[in-house]
Amino acid sequence: MARNKIALIGAGQIGGTLALLAAQKELGDVVLFDVVEDMPAGKALDLAQTGPVEGYNATLTGTNDYAAIEGADVVIVTAGVPRKPGMSRDDLIGINTGVVKTVGENIKKYAPNAFVIVITNPLDVMVAVMQKVTGFKPERVVGMAGVLDSARFRLFLAEEFKVSVEDVTAFVLGGHGDTMVPLVRYSTVAGIPLPDLVKMGWTTQERLDAIVQRTRDGGAEIVKLLKTGSAFYAPAASAIQMAESYLKDQRRLLPCAAYLTGQYGVNGLYVGVPVIIGRNGVEKIVEIELDADEKAMFDKSVSAVRALCQVVNGMGQ
Ligand code: APR
């Protein structure tokens, strides 16, 4: 049986980690593309040489030629620039819009049947640009944000409660920015909702509020520490979970930036919502009930995404 082909556009910090995880999980053969001369070939060779030690069967190649991504089943896009301390994700819009446009044209040309996962920031807007440029059905173009934001929330909660991260489920919806919406009511420890855990004395409302805020600032906290770029291990792991759900038709229910056509009262915009990912891509957008406060936060986040989209439209992209 032929292996799946996974193309990674952008072979930087996240791209390299994506390649390692995809190979370790044997999701398929990996092609790393970048505009920097020879670098992706060097990274791919290094990763291929990891195979005999780690015991994975995957072919890894690096290239500066888009033709090498031909026929890819999944394309994960990290091409662009990451933020530096003091920058918001939105500050990247000028450079990254142009990059994503070029990348999209080449995906359309060489991998017309691929499932495309965008990671480049500002995420919700970049995934919209990608869908527009490729002309692919929105079910086949998604953005990675919610899995990462939820993972950050889950870690902080697990640390607070001193329980395994495996037993903490959490949901973060909305745009991938300062207005994201960590949903306390829908987050649990082994099925026990967070508000119940407050009542049980496991934590206080104040501590929970601080964890919610730390989740919103989760990316900036890492940028401040790294000083030269942004997070890459957890973003890569999150995108790989989405790719795996598609390739293995797992039908995982994951928060992702998906194209809304009336759900949550939003039409024609990519925003973070719970979706089911299977062999047809985004197979279902799950509409959960939001109370008045949650809806107000979600709407605020949607407005922030809409405003950024207007900036891109104003750029003639
Ligand atoms: N085509 C292909 N690759 C490009 C292009 C382009 N037009 N422009 C830049 N790149 C490559 C860079 O050469 C670099 O190797 O994209 C790569 C980005 O890698 P890093 O700078 O290491 O950034 P990374 O941490 O991987 O983040 C990438 O994901 O989370 C977001 O905000 C982050 O937008 C950033 C993206």
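A residue is near a molecule or strand if its C-beta atom, placed from the backbone, lies within 6 Å of it. With that cut-off, 28 residues surround the ligand. The closest are Gly10, Gly12, Ile14, Ala79 and Asn121.

This is a predicted model, in which local features need pLDDT of at least 70, side-chain atom pairs count only at pLDDT 80 or more, and totals for chains, interfaces and linings use all residues. Residues are numbered from 1 along each chain as its sequence is written.

**Overall build**

The protein has 10 helices and 12 strands. Helices (H or I, at least four residues) and strands (E, at least two) are DSSP runs, numbered from the N terminus. The radius of gyration is 19 Å, close to the 20 Å from the globule rule for 317 residues, so the protein is as compact as a globular protein of that length. That radius is taken over C-alpha atoms, and the rule is 2.2 Å times the number of residues to the power 0.38. The C-alpha trace spans about 55 × 50 × 40 Å along its principal axes.

Two residues are in contact if their C-beta atoms, placed from the backbone, lie within 7 Å. Of the contacts with a separation of 6 or more, 67% join residues 24 or more positions apart.

A UniProt annotation from an unreviewed entry, "domain: Lactate/malate dehydrogenase N-terminal", covers residues 5-143. UniProt positions follow the numbering used here, feature names are shortened, and annotations may be inferred rather than shown by experiment. This span is 42% helix and 18% strand. Its end C-alpha atoms lie 19 Å apart.

**The core**

Buried residues make up 47% of the 317 residues. A residue is buried if 20 or more other C-beta atoms lie within 10 Å of its own, exposed if 12 or fewer, and partly exposed in between. A nonpolar core is a set of buried Ala, Val, Leu, Ile, Met, Phe, Trp, Tyr and Cys residues joined through C-beta atoms within 7 Å. The largest has 97 residues. Leu8, Val75, Val77, Val116, Ile117 and Met242 have the most contacts inside it. Helix α4 (residues 123-134) gives the largest share of this core, 7 residues. Leaving out residues up to four places away in sequence, Ile117 touches Val74, Ile76, Val142, Met144, Ala239, Met242 and Ala243.

**Around the ligand**

The shell divides into 14 nonpolar, 12 polar and 2 charged residues. Here Ala, Val, Leu, Ile, Met, Phe, Trp, Tyr, Cys and Pro count as nonpolar, Asp, Glu, Lys and Arg as charged, and the others, Gly among them, as polar. Helices α1 (13-24) and α3 (93-110) each supply at least two shell residues. The largest share, 4 residues, comes from α3.

The unreviewed UniProt entry lists residues under "binding site", including Gly12, Gly15 and Asn121. Gly12 sits in the loop between β1 (5-9) and α1. Gly15 lies in helix α1. Beyond residues up to four places away in sequence, Gly15 touches Leu8, Gly10, Leu32 and Thr78. The peptide bond from Asn121 to Pro122 is cis, with omega near -5°. Pro122 is in the loop between β5 (115-118) and α4.

**Buried and exposed residues**

| Residue | C-beta neighbours within 10 Å | State |
|---|---|---|
| Gly12 | 21 | buried |
| Gly15 | 27 | buried |
| Lys227 | 8 | exposed |
| Asp249 | 12 | exposed |

Lys227 has a positive phi of about 70° although it is not a glycine. Lys227 is in the loop between α8 (218-226) and α9 (233-247). Asp249, also not a glycine, has a positive phi of about 50°. Asp249 is in the loop between α9 and β10 (252-261).
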